[in-house]
Amino acid sequence: MPGLNRIDDMGKRDDAPEHVYDMIIVGGGPGGYTAALYAARAGLDVILLERLAAGGQMALTERVDNYPGFDEGINGYELGERMRRGAERFGANTRMAEAKALTLAGVVKRVETSDGTLLGRTIVLATGAVPRELGLARERELTGKGVHYCAACDGMFYRGKTVAVVGGGNSAAEDALLLSRICRRVILIHRRDILRAEKIYQAPLMEAENVEFCWDSVVTELLGENGLRAVRLRNVRTGEEREAACDGVFVSIGRKPASGLANGQLQLDPAGYIPADESTRTAIPGVFAVGDVRVKALRQVVTASADGATAVHYAEQYLTGETCGTGKGGPCPAHPLV
């Protein structure tokens, strides 16, 4: 059966060096597991590598309210497990192992893992991105209990309440605007005296009656016992400290793409993301980037899932030597088989 990791009569595993998968997926978030589902349903021999748990960063979200089909929301970990079971139902195989190194060039690609070597004709990079943290004591302890990194994901928990947003770029401005439509009061904390966000975001922020700005300030402590009740602020110019009461804080100081495995083989953008268009194809034939690790405008569960389905569509074209939508057959001139 495609994708199953079996032991044959000679005692060999089917992922021995001579076994070549149709597709290896690195990362078990929504993009990775959607790719696994679509690949398995298409009859491809597919294996997915995940080092922690199904769902990736989504698994840390207490409740996902913006993924279609769950009218009462769903726990992020449970959604990840459902995605895993759905893919495995059609023959996809999950390997709990960490990818250590990649060889992306050539017809057959190689993945060195903590559990041996895998070979595949195509590779889907679904390694995701992680939020940049403030680096404060108890930050991880309070994650999901007052400390958050995605306003679109968790903002609804604070309807009618007071929240703080930390950051001064586009993502912080977007988060503050979104939260201003939900929360009673939004405190935007920025270490400088002017936002780095584009002007298109600044005007509506300045006009919002329930948004107040805390300039030249950094968060030095998260206060509260069983949950967040306030943040301690320090003015970077005067050194003065004070407390700002809030029910939650949204950290919007950027994300770190987990693209290190591809560095040196794929050119990354200045922020470290993998350049790939809406086809998810990278500069190397047979290599695809999906979800938060690729350059894209919106990083959400639903857009990562869409990437996973798209990657399989173009991977099938690559594997069969079809054109990229020209209908003429044969290898695509822009993405030839090598």
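This report describes two sheets, a helix that packs on one of them, a pocket and several single residues in a predicted model.

## Overall composition

The model is predicted, and the protein chain has 338 residues, of which 50% count as buried. Its secondary structure comes to 6 helices and 17 strands. Of the contacts between residues at least 6 apart in sequence, 55% join residues at least 24 apart.

## The parallel sheet

Five strands make an open sheet with parallel pairing, in the order E8-E15-E9-E10-E11. Strands E8 and E11 are its edges, each pairing on one side only. Helix H4 packs on this sheet and touches E9, E10, E11 and E15, and its direction makes about 170° with that of E9.

Within the sheet, strand E9 (residues 162-166) and E10 run parallel and are joined by 5 bridges. Val-166 stands opposite Ile-189 in E10. On the other pairing, 4 bridges join E10 to E11, again in parallel, and Ile-187 has Glu-212 in E11 as its bridge partner. E10 is largely enclosed by the rest of the structure, because 4 of its 5 residues are buried.

## Helix H4

Helix H4 covers residues 170-180, and its buried residues are Ala-172, Ala-173, Asp-175, Ala-176, Leu-177, Leu-179 and Ser-180. These buried residues pack against three strands of the sheet already described, E9, E10 and E11 (211-214), and also against strand E15 (248-251). Helix H3 (151-154) and helix H5 are further partners of the buried residues of H4.

## The loop after E10

His-190 sits in the loop between strand E10 (185-189) and helix H5 (199-207). Is His-190 buried or exposed? With a relative accessible area of 4%, His-190 falls under the 20% cut-off, so it counts as buried.

Leaving aside residues up to four places away in sequence, His-190 touches Gly-167, Gly-168, Leu-195, Arg-196, Cys-214, Trp-215, Asp-216 and Ser-217. Among these, Cys-214 belongs to strand E11 (211-214), and Ser-217 belongs to strand E12 (217-223).

## The antiparallel sheet

A second open sheet has 3 strands in the order E12-E13-E14, with antiparallel pairing. Strand E12 (217-223) and strand E14 (241-245) are the edge strands, each pairing on one side only. From one strand to the next the twist averages 30°.

E12 and strand E13 (residues 230-235) pair in the antiparallel sense over 6 bridges. One residue pair in this arrangement is Val-219 with its bridge partner Leu-233 in E13.

## The second largest pocket

The second largest pocket has a volume of about 230 Å³. It is lined by 14 residues, and those nearest its centre are Leu-134, Val-166, Arg-191, Val-218 and Ile-253. By class, the lining divides into 7 nonpolar, 4 polar and 3 charged residues.

Which element gives the largest share of the lining of this pocket? That share, 3 residues, comes from E12. Val-166, one of the residues nearest the centre, is also the residue that stands opposite Ile-189 in E10.

## Arg-132

Arg-132 lies in the loop between strand E7 (129-131) and strand E8 (147-148). At 36% relative accessibility, Arg-132 counts as partly exposed. Its contacts, not counting residues up to four places away in sequence, are with Tyr-149, Val-251, Ile-253, Gly-254, Arg-255 and Lys-256.

Arg-132 and Val-251 are 119 residues apart along the chain, and their C-alpha atoms are separated by 7.9 Å. Ile-253, another residue that Arg-132 touches, is one of those nearest the centre of the second largest pocket.

## Two neighbours in helix H6

Tyr-318 is found in helix H6 (residues 301-320), as is Leu-319. Tyr-318 counts as buried, at 9% relative accessibility, whereas Leu-319, at 28%, counts as partly exposed.

Where along the chain do their partners lie? The C-alpha atoms of Tyr-318 and Gly-286, 32 residues apart along the chain, are separated by 6.5 Å. Leu-319 and Thr-122 are 197 residues apart in sequence, with 8.0 Å between their C-alpha atoms. Apart from residues up to four places away in sequence, Leu-319 touches Asp-22, Leu-44, Arg-121 and Thr-122.

Notes. Residues are numbered from 1 along each chain as its sequence is written. This is a predicted model: local features need pLDDT of at least 70, side-chain atom pairs count only at pLDDT 80 or more; totals for chains, interfaces and linings use all residues. Side-chain values use heavy atoms; hydrogens and water are left out. Two strands pair if DSSP finds at least two bridges between them. Helices (H or I, at least four residues) and strands (E, at least two) are DSSP runs, numbered from the N terminus. Axes are lines fitted to C-alpha atoms, for helices over the stretch in contact, and angles run from 0 to 180 degrees between N-to-C directions. Buried means under 20% relative accessible area, exposed over 50%, partly exposed in between (1.4 Å probe, protein chains only). Contact means heavy atoms within 4.5 Å. On a 1 Å grid over the protein atoms alone, a cavity is a set of points where a 1.4 Å probe fits but cannot get out, and a pocket is an open set with protein on both sides within 12 Å along at least five of seven lines; lining residues have an atom within 4 Å of a point. Grid points are joined across faces, edges and corners, and a volume is the space filled by probe spheres set on the points. Ala, Val, Leu, Ile, Met, Phe, Trp, Tyr, Cys and Pro count as nonpolar, Asp, Glu, Lys and Arg as charged, and the others, Gly among them, as polar.
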